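Open the structure in your viewer and keep the selection tool at hand. The stops below say what to select next and what is there.

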Amino acid sequence: MSLPLSLTVNGVVRDVALDDPRVMLLDLLRERLDLTGTKKGCDRGQCGACTVLLDGRRINSCLALAASCAGAEILTIEGLAQGGVLHPVQAAFIAHDGFQCGFCTPGQIMSAVGLFLEGQTGDDPERVREGMSGNLCRCGAYDGITAAVLEALRQAAAPGQAAA
Amino acid sequence: MKDFAYVRPATIAEAIAAAAAPGAAYLAGGTNLLDLMKGDIVRPSRLVDITRLPGLDAIETLADGGVRIGALVRNADLAHDRDFARGFPAVAEALLSGASPQLRNAATLGGNLLQRTRCAYFYDTASACNKRDPGAGCAAIGGETRLAAILGWSEHCIATHPSDFCVPLLAFDAVVEIAGTSGLREIPLADFYTLPGETPQRENVLEAGDLIVAVRLPAEATAFSPHARYLKIRERTSYAFALVSAAAALRMENGKISAARLALGGVAAKPWRSRGAEAALIGKPPGRAEFRHAAELALRDAKNPGENGVKIELAIRVASRALALAAAGTPARLPALPASPFAARPGDLHV
(Lines give C-alpha, C1' and ligand atoms only; values in the text may rest on other atoms or scores of the structure.)
Protein backbone atom coordinates (compact mmCIF):
# COMPACT_ATOMS: atom_id res chain seq x y z
CA MET A 1 0.00 0.00 0.00
CA SER A 2 1.04 3.60 -0.46
CA LEU A 3 -0.04 6.57 1.60
CA PRO A 4 0.18 9.91 -0.18
CA LEU A 5 1.46 12.54 2.21
CA SER A 6 2.02 16.25 1.71
CA LEU A 7 3.64 18.43 4.33
CA THR A 8 5.73 21.59 4.45
CA VAL A 9 9.29 21.17 5.66
CA ASN A 10 11.38 24.29 6.22
CA GLY A 11 9.05 26.27 3.97
CA VAL A 12 9.09 23.81 1.11
CA VAL A 13 6.07 21.66 0.26
CA ARG A 14 7.13 18.02 0.12
CA ASP A 15 4.99 15.30 -1.41
CA VAL A 16 5.84 11.81 -0.28
CA ALA A 17 4.35 8.42 -1.08
CA LEU A 18 4.68 6.50 2.17
CA ASP A 19 5.12 2.80 1.48
CA ASP A 20 4.80 1.88 5.17
CA PRO A 21 2.47 3.44 7.76
CA ARG A 22 5.01 2.76 10.52
CA VAL A 23 7.33 5.57 9.44
CA MET A 24 7.81 8.20 12.14
CA LEU A 25 8.32 11.87 11.31
CA LEU A 26 11.95 11.51 12.45
CA ASP A 27 12.63 8.73 9.97
CA LEU A 28 10.78 10.55 7.22
CA LEU A 29 13.06 13.55 7.71
CA ARG A 30 16.29 11.59 7.99
CA GLU A 31 15.79 8.66 5.62
CA ARG A 32 13.38 9.97 2.98
CA LEU A 33 14.03 13.72 2.87
CA ASP A 34 17.79 13.64 3.58
CA LEU A 35 17.47 16.05 6.48
CA THR A 36 19.86 14.37 8.88
CA GLY A 37 20.34 17.36 11.17
CA THR A 38 17.52 16.03 13.35
CA LYS A 39 19.11 13.28 15.43
CA LYS A 40 17.87 9.90 16.56
CA GLY A 41 18.97 9.36 20.15
CA CYS A 42 16.73 7.10 22.23
CA ASP A 43 13.94 6.87 19.62
CA ARG A 44 11.50 6.56 22.55
CA GLY A 45 10.69 10.14 23.50
CA GLN A 46 13.11 10.33 26.39
CA CYS A 47 16.12 12.31 25.17
CA GLY A 48 14.86 15.15 22.98
CA ALA A 49 17.54 14.81 20.28
CA CYS A 50 14.80 14.54 17.65
CA THR A 51 13.03 17.78 18.64
CA VAL A 52 11.49 19.71 15.74
CA LEU A 53 8.74 22.31 15.54
CA LEU A 54 5.41 21.03 14.26
CA ASP A 55 3.05 23.90 13.44
CA GLY A 56 5.24 26.13 15.60
CA ARG A 57 5.40 23.83 18.64
CA ARG A 58 8.29 21.67 19.76
CA ILE A 59 7.64 17.93 19.73
CA ASN A 60 9.60 14.67 19.73
CA SER A 61 9.61 13.63 16.07
CA CYS A 62 10.39 10.02 17.07
CA LEU A 63 6.90 9.75 18.59
CA ALA A 64 5.00 11.43 15.74
CA LEU A 65 3.56 9.16 13.09
CA ALA A 66 4.50 10.66 9.71
CA ALA A 67 1.10 9.81 8.25
CA SER A 68 -0.55 11.81 11.02
CA CYS A 69 1.52 14.90 10.10
CA ALA A 70 -0.24 15.41 6.75
CA GLY A 71 -0.62 19.11 6.05
CA ALA A 72 1.64 20.13 8.92
CA GLU A 73 4.42 22.71 8.83
CA ILE A 74 7.69 21.30 10.10
CA LEU A 75 10.74 23.33 11.04
CA THR A 76 14.03 21.49 11.52
CA ILE A 77 17.51 22.70 12.40
CA GLU A 78 18.29 22.98 8.66
CA GLY A 79 15.56 25.60 8.26
CA LEU A 80 16.61 27.85 11.11
CA ALA A 81 19.39 30.00 9.61
CA GLN A 82 18.13 32.57 7.11
CA GLY A 83 20.28 33.51 4.11
CA GLY A 84 23.45 32.25 5.78
CA VAL A 85 22.75 34.21 8.98
CA LEU A 86 22.48 32.05 12.07
CA HIS A 87 19.35 32.18 14.17
CA PRO A 88 20.05 34.05 17.45
CA VAL A 89 19.75 30.79 19.40
CA GLN A 90 22.34 29.14 17.16
CA ALA A 91 24.70 32.09 17.60
CA ALA A 92 24.21 32.04 21.36
CA PHE A 93 25.02 28.31 21.55
CA ILE A 94 28.34 29.03 19.81
CA ALA A 95 29.07 32.08 21.96
CA HIS A 96 28.41 30.17 25.21
CA ASP A 97 29.87 26.76 24.33
CA GLY A 98 26.44 25.20 24.62
CA PHE A 99 27.69 21.81 23.45
CA GLN A 100 30.61 19.44 23.42
CA CYS A 101 30.12 16.49 21.06
CA GLY A 102 27.18 18.20 19.36
CA PHE A 103 24.86 15.23 18.98
CA CYS A 104 22.08 16.64 21.13
CA THR A 105 22.61 20.19 19.84
CA PRO A 106 20.04 20.33 17.01
CA GLY A 107 17.41 19.07 19.45
CA GLN A 108 18.57 21.49 22.14
CA ILE A 109 18.42 24.43 19.73
CA MET A 110 15.01 23.50 18.32
CA SER A 111 13.74 23.01 21.86
CA ALA A 112 15.07 26.44 22.85
CA VAL A 113 13.34 28.00 19.83
CA GLY A 114 10.12 26.28 20.92
CA LEU A 115 10.64 27.56 24.45
CA PHE A 116 10.96 31.09 23.05
CA LEU A 117 7.70 30.79 21.18
CA GLU A 118 5.91 29.47 24.27
CA GLY A 119 6.97 32.57 26.19
CA GLN A 120 6.57 31.06 29.65
CA THR A 121 10.02 31.35 31.22
CA GLY A 122 11.11 34.97 31.02
CA ASP A 123 14.82 35.14 31.85
CA ASP A 124 14.56 33.09 35.05
CA PRO A 125 17.34 30.46 34.94
CA GLU A 126 15.27 27.99 37.00
CA ARG A 127 12.40 28.25 34.56
CA VAL A 128 14.74 27.94 31.59
CA ARG A 129 16.32 24.79 33.04
CA GLU A 130 12.91 23.27 33.67
CA GLY A 131 11.77 24.36 30.22
CA MET A 132 14.76 22.58 28.67
CA SER A 133 14.36 19.43 30.78
CA GLY A 134 13.12 17.42 27.81
CA ASN A 135 16.58 17.55 26.23
CA LEU A 136 19.37 15.43 27.66
CA CYS A 137 23.06 16.19 27.09
CA ARG A 138 25.35 13.29 27.84
CA CYS A 139 28.39 15.57 27.73
CA GLY A 140 26.85 17.64 30.52
CA ALA A 141 27.04 20.98 28.73
CA TYR A 142 24.02 22.21 30.64
CA ASP A 143 25.69 25.33 32.05
CA GLY A 144 26.53 26.53 28.56
CA ILE A 145 23.12 25.54 27.23
CA THR A 146 21.33 27.49 29.95
CA ALA A 147 23.60 30.49 29.43
CA ALA A 148 22.97 30.36 25.68
CA VAL A 149 19.20 30.19 26.05
CA LEU A 150 19.22 33.04 28.57
CA GLU A 151 21.43 35.12 26.27
CA ALA A 152 19.15 34.53 23.32
CA LEU A 153 16.10 35.41 25.43
CA ARG A 154 17.76 38.68 26.47
CA GLN A 155 18.70 39.40 22.85
CA ALA A 156 15.10 38.90 21.83
CA ALA A 157 13.95 41.27 24.60
CA ALA A 158 16.58 43.91 23.71
CA PRO A 159 17.78 43.30 20.15
CA GLY A 160 21.01 44.81 18.87
CA GLN A 161 23.25 44.16 21.85
CA ALA A 162 26.19 41.89 21.13
CA ALA A 163 26.46 38.44 22.64
CA ALA A 164 28.79 38.17 25.62
CA MET B 1 6.80 -2.84 15.24
CA LYS B 2 3.95 -4.90 13.88
CA ASP B 3 2.49 -3.59 10.64
CA PHE B 4 -0.91 -1.95 10.86
CA ALA B 5 -3.57 -0.33 8.72
CA TYR B 6 -3.81 3.44 9.09
CA VAL B 7 -7.22 5.06 8.85
CA ARG B 8 -8.23 8.65 9.41
CA PRO B 9 -11.99 8.96 9.91
CA ALA B 10 -13.77 12.27 9.32
CA THR B 11 -16.49 11.90 11.94
CA ILE B 12 -16.85 10.47 15.44
CA ALA B 13 -19.33 7.89 14.15
CA GLU B 14 -16.84 6.72 11.52
CA ALA B 15 -14.11 6.57 14.14
CA ILE B 16 -16.17 4.43 16.50
CA ALA B 17 -17.09 2.05 13.70
CA ALA B 18 -13.43 1.74 12.66
CA ALA B 19 -12.19 1.24 16.23
CA ALA B 20 -14.82 -1.28 17.32
CA ALA B 21 -13.07 -4.01 15.30
CA PRO B 22 -10.73 -6.37 17.18
CA GLY B 23 -7.12 -5.20 17.18
CA ALA B 24 -7.96 -1.55 16.53
CA ALA B 25 -6.58 1.32 18.62
CA TYR B 26 -7.15 5.07 18.60
CA LEU B 27 -4.18 7.32 17.83
CA ALA B 28 -4.13 10.88 19.18
CA GLY B 29 -0.88 12.38 20.52
CA GLY B 30 0.83 9.01 20.22
CA THR B 31 3.33 9.74 22.99
CA ASN B 32 2.49 6.55 24.87
CA LEU B 33 0.94 4.33 22.19
CA LEU B 34 3.73 4.67 19.61
CA ASP B 35 6.34 4.07 22.31
CA LEU B 36 4.53 0.88 23.35
CA MET B 37 4.26 -0.20 19.71
CA LYS B 38 8.00 0.34 19.16
CA GLY B 39 8.64 -2.00 22.07
CA ASP B 40 6.17 -4.61 20.76
CA ILE B 41 4.29 -4.27 24.03
CA VAL B 42 1.03 -3.45 22.28
CA ARG B 43 0.46 -4.63 18.72
CA PRO B 44 -2.61 -3.05 17.12
CA SER B 45 -3.50 -4.15 13.62
CA ARG B 46 -5.33 -0.91 12.85
CA LEU B 47 -4.64 2.66 13.99
CA VAL B 48 -7.63 4.99 13.92
CA ASP B 49 -6.18 8.52 13.77
CA ILE B 50 -8.62 10.81 15.57
CA THR B 51 -6.46 13.95 15.47
CA ARG B 52 -8.57 15.51 12.70
CA LEU B 53 -11.96 14.86 14.28
CA PRO B 54 -13.83 18.16 14.64
CA GLY B 55 -15.05 19.57 17.94
CA LEU B 56 -12.77 17.70 20.33
CA ASP B 57 -10.11 20.33 20.99
CA ALA B 58 -11.98 23.04 22.89
CA ILE B 59 -11.73 24.23 26.49
CA GLU B 60 -15.24 25.48 27.23
CA THR B 61 -16.45 27.33 30.30
CA LEU B 62 -19.92 26.05 31.09
CA ALA B 63 -22.87 28.22 32.08
CA ASP B 64 -22.65 27.03 35.70
CA GLY B 65 -18.93 27.89 35.94
CA GLY B 66 -17.64 24.38 35.35
CA VAL B 67 -15.33 23.53 32.47
CA ARG B 68 -15.52 21.01 29.64
CA ILE B 69 -12.20 19.87 28.20
CA GLY B 70 -12.21 18.21 24.78
CA ALA B 71 -10.41 14.89 24.47
CA LEU B 72 -7.88 16.29 21.99
CA VAL B 73 -6.84 19.29 24.11
CA ARG B 74 -3.07 19.12 24.54
CA ASN B 75 -1.65 19.03 28.04
CA ALA B 76 0.37 22.22 27.47
CA ASP B 77 -2.61 24.14 26.11
CA LEU B 78 -4.77 23.26 29.09
CA ALA B 79 -2.07 24.02 31.67
CA HIS B 80 -1.35 27.41 30.09
CA ASP B 81 -4.97 28.42 29.56
CA ARG B 82 -5.20 31.44 31.85
CA ASP B 83 -8.82 30.98 32.91
CA PHE B 84 -8.43 27.26 33.43
CA ALA B 85 -5.28 27.64 35.51
CA ARG B 86 -6.99 30.28 37.67
CA GLY B 87 -9.99 28.07 38.37
CA PHE B 88 -8.13 24.78 38.67
CA PRO B 89 -4.56 25.58 39.74
CA ALA B 90 -3.79 22.11 41.12
CA VAL B 91 -4.72 20.57 37.78
CA ALA B 92 -2.41 22.99 35.95
CA GLU B 93 0.39 22.23 38.42
CA ALA B 94 -0.06 18.48 37.94
CA LEU B 95 -0.02 18.87 34.15
CA LEU B 96 3.18 20.91 34.21
CA SER B 97 4.91 18.41 36.52
CA GLY B 98 4.41 15.62 34.01
CA ALA B 99 6.68 14.55 31.14
CA SER B 100 8.64 17.20 29.16
CA PRO B 101 7.57 20.32 27.26
CA GLN B 102 7.81 18.40 23.96
CA LEU B 103 5.58 15.60 25.22
CA ARG B 104 3.10 18.02 26.80
CA ASN B 105 2.76 19.72 23.40
CA ALA B 106 1.70 16.40 21.87
CA ALA B 107 -0.07 14.47 24.63
CA THR B 108 -3.84 14.81 24.84
CA LEU B 109 -6.41 14.62 27.61
CA GLY B 110 -7.97 11.39 26.32
CA GLY B 111 -4.60 9.72 25.96
CA ASN B 112 -3.57 10.80 29.42
CA LEU B 113 -6.54 9.04 30.97
CA LEU B 114 -5.71 5.90 29.00
CA GLN B 115 -1.94 5.82 29.37
CA ARG B 116 -0.49 2.52 30.44
CA THR B 117 1.57 1.69 33.49
CA ARG B 118 5.33 2.23 33.43
CA CYS B 119 5.95 -1.02 35.34
CA ALA B 120 9.28 -2.25 33.96
CA TYR B 121 7.97 -5.80 33.70
CA PHE B 122 5.09 -4.64 31.52
CA TYR B 123 7.64 -2.99 29.23
CA ASP B 124 10.01 -5.96 29.17
CA THR B 125 8.48 -8.48 26.78
CA ALA B 126 10.82 -11.19 28.11
CA SER B 127 9.15 -10.94 31.54
CA ALA B 128 5.85 -12.49 32.60
CA CYS B 129 3.07 -9.91 32.80
CA ASN B 130 -0.62 -10.57 33.31
CA LYS B 131 -1.46 -7.17 31.94
CA ARG B 132 0.36 -7.76 28.65
CA ASP B 133 -0.27 -11.51 28.43
CA PRO B 134 -3.23 -12.55 30.63
CA GLY B 135 -2.45 -15.69 32.63
CA ALA B 136 1.32 -15.43 32.15
CA GLY B 137 2.01 -14.45 35.76
CA CYS B 138 3.55 -11.35 37.31
CA ALA B 139 7.32 -11.06 37.30
CA ALA B 140 7.10 -7.84 39.30
CA ILE B 141 6.02 -9.80 42.37
CA GLY B 142 9.25 -11.01 43.88
CA GLY B 143 11.15 -8.75 41.53
CA GLU B 144 12.22 -5.12 41.75
CA THR B 145 9.19 -3.56 43.43
CA ARG B 146 10.43 -0.09 44.26
CA LEU B 147 7.84 1.58 42.04
CA ALA B 148 5.01 -0.87 42.69
CA ALA B 149 1.57 -0.19 44.15
CA ILE B 150 0.78 -0.03 47.86
CA LEU B 151 -3.01 0.18 47.55
CA GLY B 152 -5.56 -1.87 45.61
CA TRP B 153 -3.06 -4.34 44.12
CA SER B 154 -3.65 -8.05 43.75
CA GLU B 155 -1.50 -11.15 43.50
CA HIS B 156 -1.95 -10.85 39.74
CA CYS B 157 -0.64 -7.31 39.28
CA ILE B 158 1.10 -4.66 41.38
CA ALA B 159 1.49 -1.98 38.69
CA THR B 160 0.59 1.68 39.19
CA HIS B 161 -1.21 4.22 37.02
CA PRO B 162 1.36 6.83 35.99
CA SER B 163 -0.79 9.91 35.38
CA ASP B 164 -0.31 13.18 37.26
CA PHE B 165 -3.21 14.90 35.52
CA CYS B 166 -5.77 12.31 36.66
CA VAL B 167 -4.95 12.78 40.36
CA PRO B 168 -6.46 16.28 40.78
CA LEU B 169 -9.15 15.42 38.20
CA LEU B 170 -10.28 12.69 40.58
CA ALA B 171 -10.04 14.95 43.61
CA PHE B 172 -12.33 17.46 41.89
CA ASP B 173 -15.05 15.01 40.78
CA ALA B 174 -14.28 14.96 37.05
CA VAL B 175 -16.80 13.28 34.77
CA VAL B 176 -15.77 11.45 31.59
CA GLU B 177 -17.93 11.82 28.46
CA ILE B 178 -17.77 8.75 26.24
CA ALA B 179 -19.11 8.13 22.73
CA GLY B 180 -19.65 4.49 21.83
CA THR B 181 -21.49 2.15 19.52
CA SER B 182 -24.68 2.72 21.50
CA GLY B 183 -24.44 6.50 21.84
CA LEU B 184 -23.15 8.94 24.45
CA ARG B 185 -22.74 8.25 28.15
CA GLU B 186 -21.04 9.78 31.17
CA ILE B 187 -19.04 8.12 33.90
CA PRO B 188 -17.52 9.80 36.97
CA LEU B 189 -13.74 9.43 36.83
CA ALA B 190 -14.07 7.75 40.25
CA ASP B 191 -15.88 4.87 38.51
CA PHE B 192 -13.82 4.89 35.31
CA TYR B 193 -10.82 2.77 36.37
CA THR B 194 -10.93 -0.82 37.56
CA LEU B 195 -8.55 -2.42 40.04
CA PRO B 196 -6.47 -5.36 38.79
CA GLY B 197 -8.12 -8.18 40.76
CA GLU B 198 -7.88 -11.30 38.60
CA THR B 199 -8.07 -9.34 35.33
CA PRO B 200 -5.25 -6.78 35.28
CA GLN B 201 -5.46 -6.63 31.48
CA ARG B 202 -8.71 -4.72 32.01
CA GLU B 203 -7.95 -1.21 33.27
CA ASN B 204 -11.16 0.76 32.85
CA VAL B 205 -14.82 0.45 31.91
CA LEU B 206 -14.41 1.28 28.20
CA GLU B 207 -15.81 -1.18 25.67
CA ALA B 208 -14.58 -1.80 22.13
CA GLY B 209 -14.96 1.33 20.01
CA ASP B 210 -15.60 3.63 22.98
CA LEU B 211 -14.09 7.06 22.47
CA ILE B 212 -13.47 9.57 25.26
CA VAL B 213 -14.79 12.85 23.86
CA ALA B 214 -14.42 15.17 26.88
CA VAL B 215 -13.90 15.52 30.61
CA ARG B 216 -15.94 17.93 32.69
CA LEU B 217 -14.93 19.54 35.96
CA PRO B 218 -17.76 20.91 38.09
CA ALA B 219 -17.99 24.54 39.17
CA GLU B 220 -17.71 23.56 42.86
CA ALA B 221 -14.08 22.67 42.25
CA THR B 222 -13.24 26.33 41.61
CA ALA B 223 -14.17 27.16 45.21
CA PHE B 224 -10.96 25.37 46.22
CA SER B 225 -8.77 27.47 43.92
CA PRO B 226 -7.28 29.69 46.69
CA HIS B 227 -5.97 26.56 48.47
CA ALA B 228 -5.10 23.87 45.92
CA ARG B 229 -1.73 22.22 45.22
CA TYR B 230 -0.11 19.20 43.61
CA LEU B 231 3.05 17.68 45.06
CA LYS B 232 5.15 15.01 43.36
CA ILE B 233 8.18 13.02 44.51
CA ARG B 234 10.41 11.87 41.66
CA GLU B 235 13.75 10.08 41.42
CA ARG B 236 15.21 13.05 39.56
CA THR B 237 14.46 16.75 39.58
CA SER B 238 12.18 16.81 36.56
CA TYR B 239 10.88 14.74 33.67
CA ALA B 240 10.15 11.59 35.66
CA PHE B 241 7.09 9.69 36.78
CA ALA B 242 5.90 9.98 40.35
CA LEU B 243 7.12 7.69 43.08
CA VAL B 244 4.24 9.19 45.02
CA SER B 245 2.19 12.32 44.38
CA ALA B 246 -0.76 14.06 45.97
CA ALA B 247 -3.39 16.60 45.00
CA ALA B 248 -4.71 18.48 48.01
CA ALA B 249 -7.27 21.25 48.27
CA LEU B 250 -9.01 23.00 51.15
CA ARG B 251 -11.79 25.46 51.79
CA MET B 252 -11.38 27.51 54.94
CA GLU B 253 -13.95 29.37 57.03
CA ASN B 254 -13.04 31.30 60.20
CA GLY B 255 -9.72 29.51 60.53
CA LYS B 256 -11.29 26.05 60.22
CA ILE B 257 -11.37 23.64 57.31
CA SER B 258 -14.87 23.51 55.83
CA ALA B 259 -14.13 21.18 52.91
CA ALA B 260 -11.12 19.10 51.83
CA ARG B 261 -9.98 17.09 48.84
CA LEU B 262 -7.14 14.58 48.82
CA ALA B 263 -6.07 12.18 46.07
CA LEU B 264 -2.83 10.26 45.60
CA GLY B 265 -0.87 9.25 42.51
CA GLY B 266 1.72 6.53 41.98
CA VAL B 267 0.23 4.31 44.69
CA ALA B 268 -2.29 2.12 42.85
CA ALA B 269 -3.55 0.95 39.46
CA LYS B 270 -5.72 4.05 39.47
CA PRO B 271 -5.52 7.51 41.00
CA TRP B 272 -6.57 7.08 44.63
CA ARG B 273 -8.91 9.39 46.50
CA SER B 274 -9.41 9.24 50.25
CA ARG B 275 -12.83 10.47 51.29
CA GLY B 276 -12.05 9.28 54.81
CA ALA B 277 -9.12 11.66 55.04
CA GLU B 278 -11.23 14.47 53.58
CA ALA B 279 -14.01 13.92 56.13
CA ALA B 280 -11.54 13.83 59.02
CA LEU B 281 -10.37 17.35 58.20
CA ILE B 282 -13.78 19.03 58.35
CA GLY B 283 -14.02 21.48 61.23
CA LYS B 284 -10.33 21.12 62.09
CA PRO B 285 -7.73 23.88 62.12
CA PRO B 286 -5.15 23.63 59.32
CA GLY B 287 -2.36 22.17 61.45
CA ARG B 288 0.49 19.77 60.96
CA ALA B 289 -0.94 17.13 63.33
CA GLU B 290 -4.35 17.27 61.65
CA PHE B 291 -2.77 16.84 58.21
CA ARG B 292 -0.62 13.93 59.38
CA HIS B 293 -3.67 12.26 60.90
CA ALA B 294 -5.68 12.66 57.67
CA ALA B 295 -2.78 11.31 55.61
CA GLU B 296 -2.45 8.28 57.88
CA LEU B 297 -6.16 7.61 57.34
CA ALA B 298 -5.63 7.77 53.58
CA LEU B 299 -2.92 5.12 53.80
CA ARG B 300 -4.61 3.03 56.50
CA ASP B 301 -5.17 0.08 54.16
CA ALA B 302 -1.77 0.32 52.43
CA LYS B 303 0.34 -2.82 52.14
CA ASN B 304 3.60 -3.27 50.32
CA PRO B 305 3.83 -6.22 47.91
CA GLY B 306 7.63 -6.29 48.19
CA GLU B 307 10.50 -4.06 49.13
CA ASN B 308 8.55 -0.84 48.56
CA GLY B 309 7.33 -0.38 52.12
CA VAL B 310 9.08 2.99 52.08
CA LYS B 311 6.33 4.24 49.79
CA ILE B 312 3.75 3.98 52.56
CA GLU B 313 5.50 6.44 54.89
CA LEU B 314 6.51 8.50 51.85
CA ALA B 315 2.87 8.73 50.76
CA ILE B 316 1.81 9.81 54.26
CA ARG B 317 4.43 12.57 54.23
CA VAL B 318 3.60 13.67 50.68
CA ALA B 319 -0.12 13.84 51.48
CA SER B 320 0.54 15.79 54.73
CA ARG B 321 2.87 18.19 52.96
CA ALA B 322 0.46 18.70 50.06
CA LEU B 323 -2.28 19.60 52.55
CA ALA B 324 0.07 22.02 54.33
CA LEU B 325 1.01 23.65 51.02
CA ALA B 326 -2.66 23.96 50.11
CA ALA B 327 -3.37 25.56 53.49
CA ALA B 328 -0.57 28.07 52.89
CA GLY B 329 -2.39 29.16 49.74
CA THR B 330 -2.14 28.75 46.00
CA PRO B 331 0.76 30.88 44.73
CA ALA B 332 -0.13 33.64 42.28
CA ARG B 333 2.32 32.06 39.84
CA LEU B 334 3.41 28.44 39.84
CA PRO B 335 6.97 27.83 41.05
CA ALA B 336 9.69 27.23 38.45
CA LEU B 337 9.47 23.51 39.07
CA PRO B 338 5.76 22.75 39.44
CA ALA B 339 4.92 20.23 42.18
CA SER B 340 8.54 19.97 43.35
CA PRO B 341 8.93 19.31 47.09
CA PHE B 342 12.25 21.14 47.16
CA ALA B 343 11.17 24.56 45.94
CA ALA B 344 7.42 24.63 46.40
CA ARG B 345 7.01 28.41 46.51
CA PRO B 346 7.76 30.81 43.66
CA GLY B 347 11.23 32.28 44.02
CA ASP B 348 12.65 29.32 45.95
CA LEU B 349 15.81 28.05 44.30
CA HIS B 350 15.99 24.35 43.58
CA VAL B 351 19.59 24.14 42.46
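A crossing of two helices is called right-handed if the near helix is turned clockwise from the far one by less than a right angle, and left-handed if it is turned anticlockwise. The model on screen is predicted.

**Stop 1: two helices of chain A**

Select residues 105-118 of chain A, which form helix α3, and residues 142-157 of chain A, which form helix α5. Their axes are 11 Å apart and make an angle of about 40°. Angles under 35 degrees count as roughly parallel and those from 65 to 115 as roughly perpendicular, so α3(A) is oblique to α5(A). Turn the view until one helix lies in front of the other: the crossing of α3(A) and α5(A) is right-handed.

Now show the side chains where the two helices meet. On α3(A) these are A:Gln108, A:Ala112, A:Leu115 and A:Phe116. On α5(A) they are A:Ile145, A:Val149, A:Ala152, A:Leu153 and A:Ala156. Sorted by class, this contact has eight nonpolar residues, one polar residue and no charged ones.

**Stop 2: α2 of chain A**

Keep α3(A) selected and add helix α2 of chain A, residues 88-95. How far apart are the axes of α2(A) and α3(A)? The distance is 9 Å, and the angle between the helices is about 130°. Only angles over 145 degrees count as roughly antiparallel, and α2(A) and α3(A) are therefore oblique to each other. This crossing, too, is right-handed.

From α2(A), pick A:Val89, A:Gln90 and A:Phe93. They meet A:Thr105, A:Ile109, A:Ala112 and A:Val113 in α3(A). The contact of α2(A) with α3(A) has five nonpolar and two polar residues, and no charged ones. A:Ala112 belongs to the contact with α2(A) and also to the contact with α5(A).

**Stop 3: the domains of chain A**

Colour residues 3-79 of chain A as domain 1 and residues 88-157 as domain 2, following the domain assignment. The C-alpha centres of these two domains are 21 Å apart. Their contact takes 15 residues from domain 1 of chain A and 13 from domain 2 of chain A.

On the domain 1 side, select strands β3 (51-54) and β4 (57-60) of chain A, each of which supplies at least two residues of the side that touches domain 2. The largest share comes from β3(A), with three residues. By class, this side of domain 1 has six nonpolar, six polar and three charged residues.

**Stop 4: positive phi in chain A**

Most residues other than glycine have a negative phi. Zoom in on A:Asp55, in the loop between β3 and β4 of chain A. A:Asp55 is not a glycine, yet it has a positive phi of about 50°. A:Asp55 is partly exposed, with 13 other C-beta atoms within 10 Å.

Next, go to A:Asn10, in the loop between β1 (3-9) and β2 (12-18) of chain A. A:Asn10 also has a positive phi of about 50° without being a glycine. Is A:Asn10 buried or partly exposed? A:Asn10 is partly exposed, with 17 other C-beta atoms within 10 Å.

From β2, move to helix α1 of chain A, residues 25-32, where A:Leu25, A:Leu26, A:Leu28 and A:Leu29 are buried. The buried residues of α1(A) pack against β2 of chain A. Just after α1(A), A:Asp34 takes a positive phi of about 55°.

**Stop 5: where chain B touches chain A**

Show both chains. Here 25 residues of chain B are in contact with 28 residues of chain A. On chain B, select α2 (33-38) and α6 (101-106), each of which supplies at least two residues of the side that touches chain A. The helix α6(B) gives the most, with five residues. Sorted by class, this side of chain B has twelve nonpolar, nine polar and four charged residues.

**Stop 6: inside chain B**

Colour domain 1 (5-52) and domain 2 (226-328) of chain B. The centres of these two domains, taken over C-alpha atoms, are separated by 36 Å.

Finish at B:Ile233, in strand β9 (residues 228-233) of chain B. B:Ile233 counts as buried, with 22 C-beta neighbours inside 10 Å. Leaving aside residues up to four places away in sequence, B:Ile233 touches B:Ala242, B:Leu243, B:Val244, B:Ser245, B:Leu314, B:Val318 and B:Pro341. A distance label between the C-alpha atoms of B:Ile233 and B:Ala246, 13 residues apart along the chain, should read 9.1 Å.

Definitions and conventions
Residues numbered from 1 in each chain as written. Chains lettered and ligands numbered in written order. Predicted model: local features only at pLDDT ≥ 70, side-chain atom pairs only at ≥ 80, totals over all residues. Contact = placed C-beta atoms within 7 Å. Helix = DSSP H or I, 4+ residues; strand = E, 2+ residues; numbered from the N terminus. Nonpolar A, V, L, I, M, F, W, Y, C, P; charged D, E, K, R; others polar. Axes fitted to C-alpha atoms, helices over the stretch in contact; angles between N-to-C directions. Domains from an automatic or database assignment. Buried ≥ 20, exposed ≤ 12 C-beta atoms within 10 Å, placed from the backbone.
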